[in-house]
Amino acid sequence: MFSFFSKSSSEKNSNGKFKKAYYCLRSVTSGRVLDIAGGGDKQGTAIIYDVNKGPNQCFAIQQYGPDYRLKCQAGGYLAVTGDGNGAKLYLDKKKSKGDPRQLFKLDKRGDSYVVYTGFNRVLDVEGCGKEN
């Protein structure tokens with residue numbers, strides 16, 4: 001599970017939509033955030049890392065129908081390599097129209113969210129690690 005927080009606060013509009021420009025995605029298990037290592041335009045470059053709120057850790061949450069795109073402040077869109085277990089996250093520099101590799105579902109559970117890929121796979125931290 002992940003929690004979303006912004007550089008200031010994680011307020012939402014009255015309709016419940018995300019209202020801040022960019023959010024960090026923090027793993028509830030590790031306390032670390034989703035990070036695009038080195039700008040990461042190659043597959044498998046998304047990692048969990050200590051919070052520094054840099055542009056490679058901040059994502060705009062853009063609604064696309066019932067799903068969401070996660071646009072990295074450093075440029076590009078969060079994407080998954082495929083529909084199988086163990087698929088990797090990476091930054092795709094091109095915006096796609098409806099490609100499930102770039103779409104995510106956010107299922108609110110208390111103060112956190114279960115994040116599903118466009119292939120209905122849960123976004124998970126491998127081994128539930130707490131290290132970078």
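Student: Which side chain meets that of Asp67 in a salt bridge?
Tutor: A salt bridge is a side-chain nitrogen of Lys or Arg within 4 Å of a carboxyl oxygen of Asp or Glu, and in this pair the N to O distance is 3.4 Å. The pair links distant parts of the chain, 38 residues apart, with Asp67 in strand β6 and its partner in strand β9. That partner is Lys105.

Student: How are residues numbered, and what pLDDT do local features need?
Tutor: Residues are numbered from 1 along each chain as its sequence is written, and side-chain values use heavy atoms, with hydrogens and water left out. This is a predicted model, in which totals for chains, interfaces and linings use all residues, side-chain atom pairs count only at pLDDT 80 or more, and local features need a pLDDT of at least 70.

Student: Back to that pair: which of the two charged residues, Asp67 or Lys105, is buried?
Tutor: Buried means under 20% relative accessible area, exposed over 50%, and partly exposed in between (1.4 Å probe, protein chains only). Lys105 is partly exposed, at 28%. With a relative accessible area of 12%, the buried one is Asp67.

Student: How many salt bridges does the structure hold?
Tutor: Besides the pair just discussed, Asp107 and Arg109 meet at 2.7 Å, N to O. Arg32 and Asp50 also meet, at 2.8 Å. In general, side chains of opposite charge can pair when their charged atoms come close. The number of salt bridges in the structure is 4.

Student: How many strands does the chain have?
Tutor: Helices (H or I, at least four residues) and strands (E, at least two) are DSSP runs, numbered from the N terminus. The chain has 0 helices, and its elements run β-β-β-β-β-β-β-β-β-β. The number of strands is 10.

Student: What share of the chain's residues count as buried?
Tutor: The chain has 132 residues, with an accessible surface of about 7100 Å² (Shrake-Rupley method, 1.4 Å probe; for residues, only the protein chains shown count as cover). Carbon and sulfur atoms hold 45% of that surface. The buried share of the residues is 42%.

Student: Which strand gives the largest share of the largest nonpolar core?
Tutor: A nonpolar core is a set of buried Ala, Val, Leu, Ile, Met, Phe, Trp, Tyr and Cys residues joined through side-chain atoms within 4.5 Å. This one has 23 residues, and Phe4, Leu34, Phe59, Leu78 and Leu89 touch the most other members. The largest share, 3 residues, comes from residues 67-72, which form strand β6.

Student: Are the residues of β1 buried or exposed?
Tutor: Phe2, Phe4 and Ser6 point one way from the strand, while Ser3 and Phe5 point the other way. In a regular strand the side chains alternate between the two faces of the sheet. Of the 5 residues in β1 (2-6), 5 are buried.

Student: Which residue of β2 is the bridge partner of Phe2?
Tutor: Two strands pair if DSSP finds at least two bridges between them. Strands β1 and β2 (23-27) pair in the antiparallel sense over 5 bridges. In β2, the bridge partner of Phe2 is Ser27.

Student: What distance separates the C-alpha atoms of Arg26 and Ser3?
Tutor: Arg26 lies in strand β2 and is partly exposed, at 30% relative accessible area. Its contacts (heavy atoms within 4.5 Å), not counting residues up to four places away in sequence, include Ser3 and Phe5. Although Arg26 and Ser3 are 23 residues apart along the chain, the C-alpha distance is 5.1 Å.

Student: Which residue offers the backbone oxygen that the side chain of Gln102 reaches?
Tutor: Gln102 lies in the loop between β8 (89-92) and β9 (104-109). Gln102 counts as buried because its relative accessibility is 1%. Its side chain reaches the backbone oxygen at 2.7 Å, and that oxygen belongs to Lys94.

Student: What is the phi of Lys53?
Tutor: Most residues other than glycine have a negative phi. Lys53, in the loop between β4 (46-49) and β5 (59-64), is partly exposed, with a relative accessible area of 31%. Lys53 is not a glycine, yet its phi is positive, at about 60°.

Terms used
A polar contact is a pair of N or O atoms within 3.5 Å; within protein, one must be able to donate a hydrogen and the other to accept it, and residues adjacent in sequence count only if both atoms are side-chain atoms.
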